Each structure stands twice: as structure tokens, then as C-alpha cells.
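Got the viewer open? Take a short walk with me, one selection at a time.

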Protein chains: 2
Amino acid sequence: MTAASRPDHPRLRRTAGDRRAQLVQIGLELLPTTPVQELTIDEVARRAGISRSLLFHYFATKRDYYTAVTRAAADLLWEHLLPAPGTPPDQQVTGMLDRYVGWVETFPESHLAFVRGAGGGDPWVSEVYEEMRARLVELALSALELPDDARRRQLVLAWFAFTEDLVGQWVQEPTMTRDELLELLRDVLARLTDR
Amino acid sequence: MTAASRPDHPRLRRTAGDRRAQLVQIGLELLPTTPVQELTIDEVARRAGISRSLLFHYFATKRDYYTAVTRAAADLLWEHLLPAPGTPPDQQVTGMLDRYVGWVETFPESHLAFVRGAGGGDPWVSEVYEEMRARLVELALSALELPDDARRRQLVLAWFAFTEDLVGQWVQEPTMTRDELLELLRDVLARLTDR
DNA sequence: CCGGCTTGCTGAGCAACGCTCAACAAGCTA
DNA sequence: TAGCTTGTTGAGCGTTGCTCAGCAAGCCGG
């Protein structure tokens with residue numbers, strides 16, 4: 001149907017890297033609108049204008065492909081959250097929170113899909129998510145200049161769940177100002193990690 | 001393989017209600033060990049000793065079946081959490097929290113599967129979960145004798161996410177005593193709803 | 001221009017799964 | 001025994017994840 005699926009030149013050859021990047025990119029575009037498990041290889045191949053077989057040449061299994069797409073999404077978020085080098089520690093967490101809310105505001109359905117796909121579906125996919133969460137906890141605790149014992153790590157992880165849920169709801173129905181939201185989240189984290 | 005799949009009597013006939021209950025029961029047993037989307041109709045039918053076709057006679061679609069199973073699981077949890085009639089309001093939330101932790105302690109993987117399946121996979125399935133959460137919020141706010149405006153509802157819902165995450169982690173690696181956990185959760189909820 | 005090599009790429013096809021449909025048969029009643 | 005209701009089945013269709021043998025685009029040495 002699209003020009004891509006019936007190109008003027010009978011066959012277009014790409015380098016392996018280009019093709020991989022294109023396929024992951026298509027996955028990133030499809031992810032927000034399509035529940036992870038409903039995304040078919042056929043659809044991706046059709047959008048890329050290639051055969052199903054080629055997709056399996058680059059990603060041995062559907063799971064591999066989804067994992068790669070999820071990892072790409074996680075990397076984008078991670079880079080967006082990472083504080084600029086030289087930021088004083090006491091501002092790092094506040095800045096990350098602010099950027100996180102901004103991210104959810106900008107791509108609400110994309111973020112929802114990411115969180116859902118990560119928490120719910122495939123164990124391999126959720127592993128990517130857990131890995132990023134673990135890295136974020138490390139980052140947060142070092143920014144707060146607190147030792148990261150097991151207890152505190154648990155509390156910060158649970159606070160992530162709290163934050164994700166609340167920000168997700170708040171974007172849909174703002175029951176307070178943006179600043180109030182940020183202050184509340186910051187405050188809950190402080191109280192949790194203080195003791 | 002099993003006796004059920006090749007019974008002595010060539011065919012066993014059940015009432016519609018019995019069969020439905022049996023199929024839902026099988027789903028409940030399978031749910032903890034099997035990711036929702038990996039559970040196949042074939043497997044359920046095989047365990048019940050019936051043909052696939054019969055399952056589709058009772059549940060028009062796979063989604064319908066999963067929804068029914070999830071609803072059954074939600075009902076079990078709901079009944080377990082519900083305070084005994086006559087409980088004074090100030091003890092209701094504490095009691096529910098206590099029973100919730102007990103539930104997760106007793107069926108850790110079952111609860112994990114429920115939360116994951118609910119948050120992640122199918123929208124229809126997660127709807128069952130959201131419905132129960134909404135009912136729980138109502139219950140909690142009335143027990144706390146607080147008006148349930150939109151803001152408070154959001155905060156309690158987010159606190160659920162916090163609680164689920166923390167209790168799930170704590171069961172795997174107890175970093176505090178059970179009483180400390182309960183007190184912490186209770187305290188966070190109080191602070192959140194106070195303002 | 002040509003033979004040969006690498007490698008991106010395809011089409012046919014298989015197995016598993018969700019789902020349909022026409023028909024069989026168990027158990028009851030007249 | 002005939003007949004009705006309804007629980008139950010097997011054959012089969014379309015889709016989807018995945019495999020495999022082989023085609024052909026682009027580059028090379030001659």
C-alpha cells in the first residue's frame with residue numbers, strides 16, 4: 001500500500017546496521033499505539049517494506065526484537081533523565097523528577113505503554129525495565145548522598161512505583177499544580193529515605 | 001496422558017455451571033505459574049479433559065476466559081481483604097493492610113502474577129483490576145472517614161502502587177520486621193491523606 | 001565484459017494457536 | 001421406544017511465529 005512496500009527500484013539493499021536501526025525505529029513508533037503483544041512481525045515487516053524472513057534474519061525471535069525496541073526506549077528515557085555533569089547533588093534529584101514529569105507530559109501514551117509493557121508482558125522485556133530502575137536507584141541514592149543499603153533501595157524502588165502511578169494519573173487529571181506535584185513527590189522521597 | 005484426558009467412561013457429561021466453574025478453577029491454578037499470554041486454550045482444555053471447542057462454547061473468546069479467571073482471582077482477594085462487619089473504622093485500614101500482607105506472604109507468586117497480568121497485558125483484564133482498586137479506594141477513604149475528592153483518590157491509588165511494590169519486594173527480601181512494614185505503610189498513607 | 005564471491009534478501013511452507021461449524025450423543029421425559 | 005434438549009466433539013480455516021533453501025545486488029580480480 002505505502003510507497004515503501006512497493007518501491008520504484010525492484011529491490012533496495014541496505015547495510016545490516018541501517019536495517020537494524022530502521023526496524024528498531026519502526027518498533028519505537030509502533031510501541032505507543034499498540035499493546036506489545038499485539039504487535040505482529042508481519043506489521044513491522046510491512047511497514048519496513050521487507051519480508052518477514054528478513055526481520056528474523058536480524059532478530060532471531062520476536063522476543064529478541066521486542067527486547068531491542070524496549071532497550072532503545074529505555075535508553076532514550078535514561079539519557080533524558082540523566083543530570084548534566086557538574087550539577088550539584090542536591091539539585092540532581094529535583095531536576096530528574098522535573099524532567100521525568102516533563103517526559104510523561106510530552107509522551108503520555110508512550111510512557112504508559114512503556115511502563116505497562118515492562119511491568120506486565122514478557123519477563124525478558126521487563127528485565128530491561130528493572131535494569132533501568134536499578135540504575136536509577138543507584139543514581140538517586142548517590143545524588144541524595146545516602147548509603148544504598150537494601151532497605152533504602154527497596155523504599156526508593158517502591159517510591160518509583162508511587163511516582164509513576166501518581167504522575168500517570170496527574171497527567172490525565174491534574175488535581176494540583178505541577179509544582180505541588182513535584183514538591184509532594186520530593187517530600188515523600190525525603191521522608192522515606194531519612195529514617 | 002492423565003486419567004482425565006482418557007476417562008474410563010467414554011464420555012462424561014457435566015452441567016453448564018459445573019463445567020464453567022471447573023474451567024475457571026483450572027485457570028486459577030495455572031495463573032501463578034504461567035504468564036497470562038502464554039497460557040493456551042489447548043493446555044486448559046487438555047487439563048480439563050475436554051476439547052478446545054467446548055471451552056469456546058463456554059467462553060466465546062480467549063479474552064473472555066482470561067477475564068473470567070481474573071475476576072475470580074479478584075473476588076477471592078476482595079473477600080479476603082473486606083473487614084468483618086462491625087469493625088470500628090479506625091481499625092479497618094490497619095486490618096486490611098495486615099490481611100493484604102498475609103495474602104502476599106501466602107501466595108507470593110500468585111499475587112505477582114495477578115498484579116503483572118493486571119497491569120500489563122490485556123486492557124480488558126486490567127479493567128477488572130482497576131475496578132477492584134477503585135472499590136478499595138472507596139473502602140479505604142470511608143474507613144478513614146475522609147471525603148473522597150479526586151485528589152485524595154489519586155493519592156490513595158498511587159499509595160496502592162507503592163504498597164504493592166514494597167510488599168512484593170519485602171516478601172522476597174525482608175529488610176525490616178513485619179510490624180515495621182505495616183507501620184511504615186500506614187504512616188505514609190496517613191501523611192498523604194492528611195493534608 | 002565476465003566469472004565468482006559475499007551477503008542482504010525472498011517465497012514457500014511448517015507447526016501452533018485462536019476460533020468456527022455441522023453434527024454426534026448423553027440423559028431426560030412422554 | 002421415540003423425541004427433545006444440550007453438553008460435547010472433530011475436522012478444518014486463517015493468522016502468526018519461525019525455518020530453510022536459494023535468488024540476486026553489489027563488489028572484486030581477471
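## Stop 1: the two protein chains

Start by colouring chain A and chain B separately: chain A can be laid on chain B with an RMSD of 0.1 Å by a turn of 180° and a shift of 0.0 Å along the axis. The two copies are thus related as by a two-fold rotation axis. Keep in mind on this tour that you're looking at a predicted model.

Now select the residues where the chains touch. On the chain A side, 32 residues are in contact with 31 residues of chain B. Together the two chains bury an area of about 2800 Å², and carbon and sulfur atoms give 54% of that. Want a few residues to show as sticks? Pick A:Arg116, A:Gln154 and A:Phe162, which supply 21% of the area that chain A buries against chain B, more than any other three residues.

Do the copies meet through the same surface? Let's put that as a better question: what share of the interface residues of chain A are also interface residues in chain B? The figure is 97%, so the copies meet through the same surface.

## Stop 2: DNA strand D

Next, select DNA strand D and show what lies around it. There are 24 residues surrounding this strand, and the closest are A:Arg13, A:Thr61, A:Lys62, B:Arg19 and B:Ser53. Of the atoms of DNA strand D that come within 4 Å of the protein, sugar and phosphate account for 58%.

Zoom in on three spots here:

- A:Arg13 has a polar side-chain atom 2.7 Å from a base nitrogen of DNA strand D.
- B:Arg14 places a backbone N or O atom 3.0 Å from a phosphate oxygen of DNA strand D.
- B:Ser51 also has a backbone N or O atom 3.0 Å from a phosphate oxygen of DNA strand D.

Zoom back out and look at the helices. Two or more residues of the surface near DNA strand D come from each of these elements: α3 (52-58) of chain A, and α1 (16-30) and α3 (52-58) of chain B. Which element gives the most to the surface near DNA strand D? That's α3(B), with five residues. Colour this surface by class and you'll get nine nonpolar, six polar and nine charged residues.

Before leaving, click on B:Ser51 again. You'll find B:Ser51 in the loop between α2 (41-48) and α3 of chain B. With a relative accessibility of 41%, B:Ser51 counts as partly exposed. Try a distance label from here, too: the C-alpha atoms of B:Ser51 and B:Leu157 are separated by 42 Å, and the two residues are 106 residues apart along the chain.

## Stop 3: DNA strand C

Switch the selection to DNA strand C. Here 23 residues surround the strand, with A:Arg19, A:Ser53, B:Arg13, B:Thr61 and B:Lys62 the closest. Sugar or phosphate makes up 59% of the atoms of DNA strand C within 4 Å of the protein, and the rest belong to bases.

Again, three spots to zoom in on:

- B:Lys62 has a polar backbone atom 2.6 Å from a phosphate oxygen of DNA strand C.
- A:Tyr58 brings a polar side-chain atom to 3.1 Å from a phosphate oxygen of DNA strand C.
- B:Ile41 has a backbone N or O atom 3.2 Å from a phosphate oxygen of DNA strand C.

The elements giving two or more residues to the surface near DNA strand C are α3 of chain A and α3 of chain B. The biggest giver is α3(A), with five residues. By class, this surface near DNA strand C splits into eight nonpolar, six polar and nine charged residues.

## Stop 4: a buried histidine

Leave the DNA and select A:His111, in helix α6 (residues 108-119) of chain A. Is A:His111 buried or exposed? Its relative accessibility is 7%, so A:His111 counts as buried. Show the side chains and you'll see A:His111 making a polar contact of 2.8 Å with the side chain of A:Tyr100. Setting aside neighbours within four places in sequence, A:His111 is in contact with A:Tyr100, A:Trp103, A:Val104 and A:Glu164.

## Stop 5: a loop residue to finish

Last selection: A:Glu145, in the loop between α7 (123-143) and α8 (150-172) of chain A. At 62% relative accessibility, A:Glu145 counts as exposed. Check its backbone angles: phi of A:Glu145 is near 55°, a positive value in a residue other than glycine. Most residues other than glycine have a negative phi.

Note on methods
Residues numbered from 1 in each chain as written. Chains lettered and ligands numbered in written order. Predicted model: local features only at pLDDT ≥ 70, side-chain atom pairs only at ≥ 80, totals over all residues. Heavy atoms only, no water. Helix = DSSP H or I, 4+ residues; strand = E, 2+ residues; numbered from the N terminus. Buried < 20%, exposed > 50% of the residue type's maximum accessible area, 1.4 Å probe, protein only. Polar contact = N/O pair within 3.5 Å; in protein donor to acceptor, adjacent residues only side chain to side chain. Contact = heavy atoms within 4.5 Å. Near = heavy atom within 4 Å. Nonpolar A, V, L, I, M, F, W, Y, C, P; charged D, E, K, R; others polar. Least-squares fit on C-alpha atoms with pLDDT ≥ 70 in both. Buried area = accessible area lost by both parts, 1.4 Å probe.
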